[in-house]
Amino acid sequence: MANDTISFARGAPSLDIVDTDGLSAAATRAFTNDPGGATAYGTSIGYVPLRRWIASEHDVDESHVLVTNGSMQADAFLFKALVSPGDVVAVEKPTYDRTLLNLTELGADVRMVSLQTDGIDTAELRELLAQTTPKLVHIIPNFQNPAGYTLSLAKRKELLALAAEHGFTVFEDDPYRYIRFSGETLPTMLSMDEGESVVYASSYSKTVCPGIRVGYLVGPPALIAQISKLATNTYISPNMVAQSIVYEFCKEGAIDRSIATVKAALAERVEALTAALDRHLPEARYTPPEGGYFMWVQLPEGSDVDALLHAAKERGVAFVKGSDFLLEGGGNALRLAYSGVTADRIDEGIKRLATAYRSLSSTAAAV
Ligand SMILES: Cc1ncc(COP(=O)(O)O)c(C=O)c1O
């Protein structure tokens with residue numbers, strides 16, 4: 001691989017949009033204001049002031065919240081608590097590759113339901129519900145990973161009604177909610193749920209930084225209590241140093257400035273990305289996202305994205321194949337993460353991708 005590779009592969013921010021000064025200052029405050037809390041084992045439900053902060057953000061009692069080491073850990077705990085081998089779990093098609101991996105490793109019967117530009121295809125979900133009741137329906141409602149699409153308000157309501165009628169849990173996996181740079185913010189399904197149909201997960205990876213590894217779950221207190229036992233047995237408690245830093249970062253308002261920085265940068269990157277695709281690779285089909293980190297790109301039917309990945313690597317550009325987010329198919333799609341590439345490098349990255357694509361036409365890998 002070329003050593004100046006431009007990588008659209010990782011769903012991570014570039015360093016210029018991480019507030020390292022704000023984090024250092026928050027760390028100093030954490031050790032000064034609460035040295036005991038920051039350095040102790042703490043408890044499995046997480047750093048108590050941060051747990052309280054999250055509870056008030058979601059307007060729930062603290063007993064609904066468990067703070068974890070990244071939301072990936074929250075997902076893993078939830079799956080372990082609720083999913084047994086053979087249980088049906090519905091997910092979006094395509095969906096986050098690690099969710100697919102976790103569920104398959106647990107022996108779940110994973111059913112993929114098509115994703116449309118306004119979210120999961122509820123007609124197709126209804127067909128599935130006519131045959132079976134899933135334990136969980138996993139939904140990434142805002143700026144979905146990998147597609148970048150957002151679930152409409154009408155579909156949020158419809159999913160809640162279906163959950164109440166059929167008795168399944170909606171797992172609302174929502175790390176990108178605050179990274180909206182156009183359009184209107186939609187309410188979470190958690191906030192609209194009148195029963196106990198929703199378990200919600202989110203993360204500070206996209207609003208503070210991924211290395212801090214702080215995420216959380218919000219759900220019915222009995223389930224949270226059950227999961228906190230799992231958490232105790234897994235790691236005694238999550239990382240109190242990290243959580244106390246996040247708490248100070250939030251309390252002082254640094255998080256709002258951080259979100260504003262990330263949103264402004266990513267809005268600029270999406271514009272650069274769509275302009276570059278239109279210029280260099282007009283065959284590409286996409287829907288520009290209103291927020292988040294990712295854009296899903298479809299190449300003409302019959303394009304070989306496996307071959308493209310290799311050709312692109314040789315030319316110094318990386319992405320993730322669409323097929324990684326599916327159980328089958330996806331051969332002509334790819335995910336471009338624009339979060340890690342500064343706007344001034346995007347045109348060059350897409351130019352390299354287009355050159356790689358054209359290099360395949362002679363071998364019939366591109367059409
Ligand atoms: C939909 C979704 N859920 C969960 C995660 C995991 O996030 P965390 O860094 O909080 O573990 C990601 C990360 O990319 C994601 O896209």
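Helices and strands here are DSSP runs, numbered from the N terminus. With that in hand, we can place a residue such as Thr-185, which sits in the loop between strand 7 (169–173) and helix 8 (189–192). Please keep in mind as we go that this is a predicted model. Thr-185 has 11 C-beta neighbours inside 10 Å, and because the cut-off for exposed is 12 or fewer, Thr-185 counts as exposed. The C-alpha atom of Thr-185 is 22 Å from that of Ile-17, and the two residues are 168 apart along the chain.

Let us step back to the domains. The domain assignment divides the protein into domain 1 (6–17 + 256–361) and domain 2 (20–252). Domain 1 is thus written as two segments, 6–17 and 256–361. The C-alpha centres of the two domains lie 26 Å apart, and their contact takes 25 residues from domain 1 and 28 residues from domain 2. On the side of domain 1 that touches domain 2, helix 11 (254–280) and strand 10 (294–298) each supply at least two residues. Helix 11 gives the most to that side, with 6 residues. Sorted by class, the side of domain 1 that touches domain 2 has 14 nonpolar, 7 polar and 4 charged residues.

Next, have a look at how some of the helices pack. Helix 3 (residues 48–57) meets helix 10 (residues 240–251) at an angle of about 45°, and their axes are 8 Å apart. Angles under 35 degrees count as roughly parallel and those from 65 to 115 as roughly perpendicular, so helix 3 is oblique to helix 10. Their crossing is left-handed. From helix 3, the contact draws on Pro-49, Leu-50 and Trp-53, while helix 10 brings Gln-243, Val-246, Tyr-247 and Cys-250. By class, that gives 6 nonpolar residues, 1 polar residue and no charged ones in the contact of helix 3 with helix 10.

A second pair to follow is helix 4 (residues 70–82) and helix 5, which pack at an angle of about 30° with their axes 11 Å apart. Because angles under 35 degrees count as roughly parallel, helix 4 is roughly parallel to helix 5. The crossing of helix 4 and helix 5 is right-handed. Here Met-72, Asp-75, Ala-76 and Phe-79 in helix 4 meet Arg-98, Thr-99, Asn-102 and Leu-103 in helix 5. The contact of helix 4 with helix 5 has 4 nonpolar, 2 polar and 2 charged residues by class.

Now for the backbone, where a little background helps. Most residues other than glycine have a negative phi, and most peptide bonds are trans. Which peptide bonds are cis in this model? Among them is the bond from Lys-93 to Pro-94, with omega near 10°. Pro-94 lies in the loop between strand 3 (88–93) and helix 5 (97–105). The bond from Asn-145 to Pro-146 is also cis, with omega near 15°. Pro-146 is found in the loop between strand 6 (136–139) and helix 7 (153–166).

The loop between strand 6 and helix 7 also holds Phe-143, a residue other than glycine with a positive phi, near 50°. Is Phe-143 buried or exposed? Phe-143 has 25 C-beta neighbours inside 10 Å, and because 20 or more is the cut-off for buried, Phe-143 counts as buried. Ile-236 has a positive phi as well, near 65°, and is placed in the loop between helix 9 (221–235) and helix 10. With 11 C-beta neighbours inside 10 Å, Ile-236 counts as exposed.

Our last stop is Gly-330, in the loop between strand 12 (320–321) and strand 13 (333–337). Gly-330 has 20 other C-beta atoms within 10 Å, so this glycine is buried. What is Gly-330 in contact with, leaving aside its neighbours within four places in sequence? The contacts are Pro-94, Gly-322, Ser-323 and Phe-325. Pro-94 brings us back to the cis bond from Lys-93. The C-alpha atoms of Gly-330 and Glu-301 are separated by 9.9 Å, and these two residues are 29 apart along the chain.

Notes:
Residues are numbered from 1 along each chain as its sequence is written. This is a predicted model: local features need pLDDT of at least 70, side-chain atom pairs count only at pLDDT 80 or more; totals for chains, interfaces and linings use all residues. Axes are lines fitted to C-alpha atoms, for helices over the stretch in contact, and angles run from 0 to 180 degrees between N-to-C directions. Helices (H or I, at least four residues) and strands (E, at least two) are DSSP runs, numbered from the N terminus. Angles under 35 degrees count as roughly parallel, over 145 as roughly antiparallel, 65 to 115 as roughly perpendicular and the rest as oblique. A crossing is left-handed if the near helix is turned anticlockwise from the far one by less than a right angle, and right-handed if clockwise. Two residues are in contact if their C-beta atoms, placed from the backbone, lie within 7 Å. Ala, Val, Leu, Ile, Met, Phe, Trp, Tyr, Cys and Pro count as nonpolar, Asp, Glu, Lys and Arg as charged, and the others, Gly among them, as polar. Domain bounds come from an automatic or database domain assignment.
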